[in-house]
Amino acid sequence: MEKKKKTTLPLHTFRVETTRAMINRAHIIIHSLLVLALLSYRASSTLVFFFFSPDSFTLALALAYVFVFVAELSLSFLWLLGSAFRWRPVSRTAFPDRISDDDDHLYLLPGIDVFICTADPAKEPAVDVMNTVLSAMSMDYPAEKLSVYLSDDAGAPTTLYALRKAFCFAKVWVPFCRRYGVRSICPKTYFCGEGSRPLESGAFFEEREKVKFMYKDFKEQVERAQEMGLHGDKNSNETTCNDHAAVIEVMCDKGPDTIDDHCKMPKLIYVSREKRPFHPHNFKAGALNVLLRVSSLISNAPYILVLDCDMYCNDPTSAKAAMCFYIDPLISPSLAFIQFPQVFHNISTNDIYNCQIRETFKIYWNGCDGLSGPILSGTCFYMKREALYGTTPGLRSSPDLLQIRQCFGTSTKLIKMLLQVQDYKCNVENEVSSDGLLQEAFFVASCTYEKDTKWGEQIGFLYASVLEDYITGFHMHCKGWKSIYYDPLRPQFLGSSPINLNDILVQWKRWSSGLLEVAFSRFCPLTYGIISRNPILHTLCYGYVAFLPLYSIFALCYATVPPLCLLNGISLYPKVSDTWFPVFPAIFVSSLCQHLFEVLCTGGSIRMWWNELRIWMVRSASSYIFGCLDFSVRLIGVRRVDFGLTNKVIDEDQVGRYAKGIFDFQGMTLILIPVVTCSILNMTSLIGGVWRVIARGNYDEMLIQHFLALFIVISSYPIFEAILIRKDAGRIPASLTLLSIICTLVLLSLGYIVSTM
């Protein structure tokens, strides 16, 4: 048979979004001039007030000016950091089909280890986790070069049982997907009617029905097992979760070598690391580092794919798409990871909570890719294993065995595998059935293995923050590694986003606290990044993300000080007749127009723009504030780090309200008090300000403060509706409303007392 001619077509393309970049840069220049004008006005008026108008000096006016000036200065600085994302947006295209048609490329494809993490079977249903596992096993990639690892931090017997059943079902599902070219390789999605039907033949439909029946049986067995496991002794389950020995089980199909390629199975490995009550476990980062060590002994693939347990593979070609970049000799030597966007299948048309995180995956990461690459996002990324070993591109670890042991631990076989990845010559047996190899895997999965090593400090996923993705990616970029952001038309991965407002705000609170851990550590982007000679614009991007939670302090200042001053007749802004007046509405309109432009350019609508603006205000006055508080109390050692999992179990009533675009405040706790308090405060101040205008007839003196209060009140309509109108379960609890009213009265009293001094 004639050998196929080697293709000369490129495997990927790169394009700078020139038009968007020019518009962004023009806006940055115009907005910068407006901000400078605002700060000039504030500085000059403050100097005049303090030094040249002693007769008008009051404590209330002095405090108000200081608070507002600091807020405006800080918000301007944060805006400047965020502008770096918009300087050079790019887009990429990969052609995995060109690998499929090239025998040489197929032969040269490297191995991939897939890491999937789960931690709580009560919040992460086993059936959904197994669907993610099955989708990873079904990727369009040579089976002998693919290994799938499931990390079960709970050590739940039901999860191991479900994985064994999943492997049995995979022996039918994986060949079915490969034989018929199935695109939707997640069984749950495929059998819900969303899957493709490539071949309309009797044999196909007959086999499809057979596989469907087997999936239904598999699903029922797993659900029964989980239900029985979750109904056991709760205290016993919690004890087992936090105190158990390591469990590792390798599942592989030992069929004949002549087996059809369609029927070859990837390895499937269950890993539950050892956990003891008095040893730090470092949450997801610790679990990933255990997988990194165990996989080094069993398969040692040069590349890894990291997925959350609810983020399944939606397209079988993602691995080959990643390899389009990795096998390019021009960019591969310094390429650490390829980040895919997180896309969610349960997003409603309205998306009132901005669950899709549009700005991050449509604006920020594209902009980072035009610099040195996107920020690591925790899931949906392919990573070069070597980049996790603390090396610099082009440089290898020292061959000094003593020094290597001090960094990587005392496992000789692990060190040999490390050297193998870094192209050192060594003879290592890599037989999965080897008892010695599995024994060594148990050793590196023990809770004491990392003691007196560099794991989590310089090697693997770092422990400096609960956001192991952010800090690990930043450390790699500072070492000289690059990254790529790839956002194809068809989502390569699909997951489920939390659509419960309480879960969303708690999740953002955890992220905020983790970001501040980095911002005020030795890895602070604005110092560590510059010292490490990371490109300045890229460093600004990291700095913006790290300091983003501080928005809350200054946004809260803007939501409280101007309305209090409005109610007490204190003017903070120029009159309508003043020459400085146009600067303030111009800045406001400029910001809104930039946001609207980006929403429309990324396929959004005006309604989406309004929803994003509204939820941003809610998040700033809740998640960011409590994230700052959480970080502050942990900084002084008051409480331990709390890594709460997002609940993946769906409440149908909450799903219905989310789909209808109705805010659901069910289950809300203290995290919502600042939001409700600000809403009530601005409503009160607006009414008082309007009454003052009617009584005195002087409307132009505090027009800007009237507008700010009105804008916040309009944005807070869902809150007032949930307090005054709604009677369903999603309304704001009466106790929370009462606490917010008390807080409002306290603020009004303080404002009145200060204004009279």
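Q: If buried means under 20% relative accessible area and exposed over 50%, with partly exposed in between, which of these three words describes D487?
A: In this predicted model, D487 sits in the loop between β12 and β13. Its relative accessible area is 26%, and buried requires a value under 20% whereas exposed requires one over 50%. D487 is therefore described as partly exposed.

Q: Which residue forms a salt bridge with D487?
A: The partner lies in helix α12, which covers residues 358–369, and is 125 residues away from D487 in sequence, so that the pair links distant parts of the chain. This partner is itself partly exposed, at 33% relative accessibility. The closest N and O atoms of the pair are 3.1 Å apart, and the residue that meets D487 is K362.

Q: How many residues apart in sequence are the parts that D140 and K320 tie together?
A: The side chains of D140 and K320 meet in a salt bridge, with a distance of 3.4 Å from N to O. D140 is partly exposed at 32% relative accessibility, whereas K320 is buried at 4%. Because D140 lies in the loop between α5 and β4 while K320 belongs to helix α11, the parts tied together are separated in sequence by 180 residues.

Q: Which helix holds R179, the salt-bridge partner of E207?
A: The side chains of E207 and R179 meet at 2.8 Å from N to O. E207 is in helix α8, residues 202–230, and R179 stands 28 residues away in sequence. Both are partly exposed, E207 at 21% and R179 at 34%. The helix that holds R179, covering residues 157–180, is α6.

Q: Is strand β3 largely enclosed by the rest of the structure or largely open, judging by how many of its residues are buried?
A: One side of β3 carries I112, V114, I116 and T118, and the other carries D113, F115 and C117, with each of these residues buried. Both faces are thus covered. Since seven of the seven residues in 112–118 are buried, strand β3 is largely enclosed.

Q: Which hand does the crossover from β3 to β4 have?
A: Strands β3 and β4 run parallel and are joined by seven bridges, in which T118 has D152 of β4 as its partner. Between these strands the chain passes through helix α5, residues 126–137, which makes a β-α-β crossover, and its hand is right-handed.

Q: Which residue of β7 stands opposite I112?
A: Strand β3 also pairs with strand β7, residues 303–308, in the parallel sense over six bridges. I112 belongs to the buried residues of β3, and the residue opposite I112 in β7 is Y303.

Q: What is the relative accessible area of L738, one of the residues in a nonpolar surface patch?
A: The patch, of about 540 Å², is made by L670, L738, L739, I742, V746 and L750. L738 is found in helix α28, which runs over residues 734–755. Exposed requires a value over 50%, and L738 counts as exposed because its relative accessible area is 52%.

Q: What share of the exposed area of the protein chain do carbon and sulfur atoms supply?
A: The protein chain has 28 helices and 13 strands, and 55% of its 757 residues are buried. The area that the chain exposes comes to about 33,200 Å², of which carbon and sulfur atoms supply 61%.

Terms used
Residues numbered from 1 in each chain as written. Predicted model: local features only at pLDDT ≥ 70, side-chain atom pairs only at ≥ 80, totals over all residues. Heavy atoms only, no water. Buried < 20%, exposed > 50% of the residue type's maximum accessible area, 1.4 Å probe, protein only. Helix = DSSP H or I, 4+ residues; strand = E, 2+ residues; numbered from the N terminus. Pairing = 2+ DSSP bridges. Right-handed = clockwise from strand over helix to strand, strands pointing away. Areas by Shrake-Rupley, 256 points an atom, 1.4 Å probe, with all protein chains shown as cover. Patch = residues over 30% accessible without salt bridge, like charges linked within 9 Å, V, L, I, M, F, W, Y side chains within 5 Å. Salt bridge = Lys/Arg side-chain N within 4 Å of Asp/Glu carboxyl O.
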